[in-house]
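Biologist: Got a minute to go through this one with me? I'd like to start with charged side chains and work outwards from there.

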Amino acid sequence: MARWFWWIIYWNVIINKITLVDLSAEALEIVKKRLGDKGHIPTYLSQDMMDSSWVQHYDIWHDRAVFHFLTDAVDRQRYMKNLLSGLTKQGRAVIGTFSLEGPNMCSGLDIVQYDAKKMQVTLVGDLVLDSTEAHTHVMSNGTNQEFMYFITKHQNS
């Protein structure tokens, strides 16, 4: 897992346009304050991921924990269509979800668990899995949560 974080940090150094999307304007304001004097760098969008009006073209799409909350198949398809149209031809998406061994709920909400096979059949258009990695997250209370990280791309990139 460490190499993926390095990859994301490496790209973060050379990217000159970052967009942060969250339903909560309050959450985005907290992030902006945490960034201090770098808070002006990202574009902040308080938008629904299911609304395609905000989607531009991105070289890197990083979703640490949104996709597994989409329990409705229609919502997952809308998300994937936005990813398909928003990811540049050479771009990569990093999607983090709970694995099949992970919890059934998170923060009191139902989630959907994934493995590589389940994620691959969820992808739309020419999106394919580039790589996957299991990760055990140790929570502050000492319990483990099992995650899967998926890097997706357009098939011929």
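Modeller: Sure, and keep in mind that this is a predicted model. Let's begin with K153, which is buried, with a relative accessible area of 14%.

Biologist: Which residues are joined with K153 into one network of salt bridges?

Modeller: K153 forms a salt bridge with D130, and their closest N and O atoms are 3.7 Å apart. K153 lies in strand β8 and D130 in strand β7, so this pair ties together parts that are 23 residues apart in sequence. The side chain of D130 also meets that of R92 in a salt bridge, at 3.8 Å from N to O. Since the bridges share partners, the network is made of K153 and the residues R92 and D130.

Biologist: How far apart in sequence are the parts that D130 and R92 tie together?

Modeller: D130 sits in strand β7 (residues 127–138), while R92 belongs to strand β4. D130 counts as partly exposed at 39% relative accessibility, whereas R92 counts as buried at 17%. The pair therefore links parts with a sequence distance of 38 residues.

Biologist: What about D75 and R78: how much of a helix separates them?

Modeller: These two form a salt bridge as well, with their closest N and O atoms 3.7 Å apart. D75 is partly exposed at 24% relative accessible area, and R78 is partly exposed at 38%. Because they are three residues apart in helix α3, the separation is about one helical turn.

Biologist: On to the rings. Is the pair of Y58 and W61 stacked or edge-to-face?

Modeller: A search of the whole structure turns up six aromatic pairs. In the one made by Y58 and W61, the ring centres are 6.5 Å apart and the planes make an angle of 80 degrees. An angle over 60 degrees is what counts here, so the pair is edge-to-face.

Biologist: Which residues form one aromatic cluster with Y58 and W61?

Modeller: Y58 and W61 are both buried. One ring of the cluster, that of Y114, has the charged end of K118 sitting over it, 5.4 Å from its centre. Besides Y58 and W61, the cluster takes in F67, Y79 and Y114.

Biologist: And the largest nonpolar core: which elements each supply at least two of its residues?

Modeller: That core has 20 residues, and W61, F67, Y79, M80, L83, I95 and M119 touch the most other members. Apart from it lies another core of seven residues, including F98, F147, Y149 and I151. For the largest core, the elements supplying at least two residues each are β3 (58–63), α3 (73–86), β4 (87–98) and β8 (144–154).

Biologist: H68 caught my eye. Is it buried or exposed?

Modeller: H68 is in the loop between β3 and α3. Beyond its neighbours within four places in sequence, H68 is in contact with G96, T97, F98, D110, I111, V112, Y114 and F147. With a relative accessible area of 1%, H68 is buried.

Biologist: Last one: which residue has a positive phi although it is not a glycine?

Modeller: Look in the loop between β5 (105–106) and β6 (109–110). The residue in question is exposed, with a relative accessible area of 73%. Its phi is about 55 degrees, and the residue is S107.

Methods:
Residues numbered from 1 in each chain as written. Predicted model: local features only at pLDDT ≥ 70, side-chain atom pairs only at ≥ 80, totals over all residues. Heavy atoms only, no water. Phe/Tyr/Trp six-rings, centres within 6.5 Å; stacked < 30°, edge-to-face > 60°. Buried < 20%, exposed > 50% of the residue type's maximum accessible area, 1.4 Å probe, protein only. Lys NZ or Arg CZ within 6 Å of the ring centre and 35° of its normal. Helix = DSSP H or I, 4+ residues; strand = E, 2+ residues; numbered from the N terminus. Core = buried A, V, L, I, M, F, W, Y, C linked by side-chain atoms within 4.5 Å. Contact = heavy atoms within 4.5 Å. Salt bridge = Lys/Arg side-chain N within 4 Å of Asp/Glu carboxyl O.
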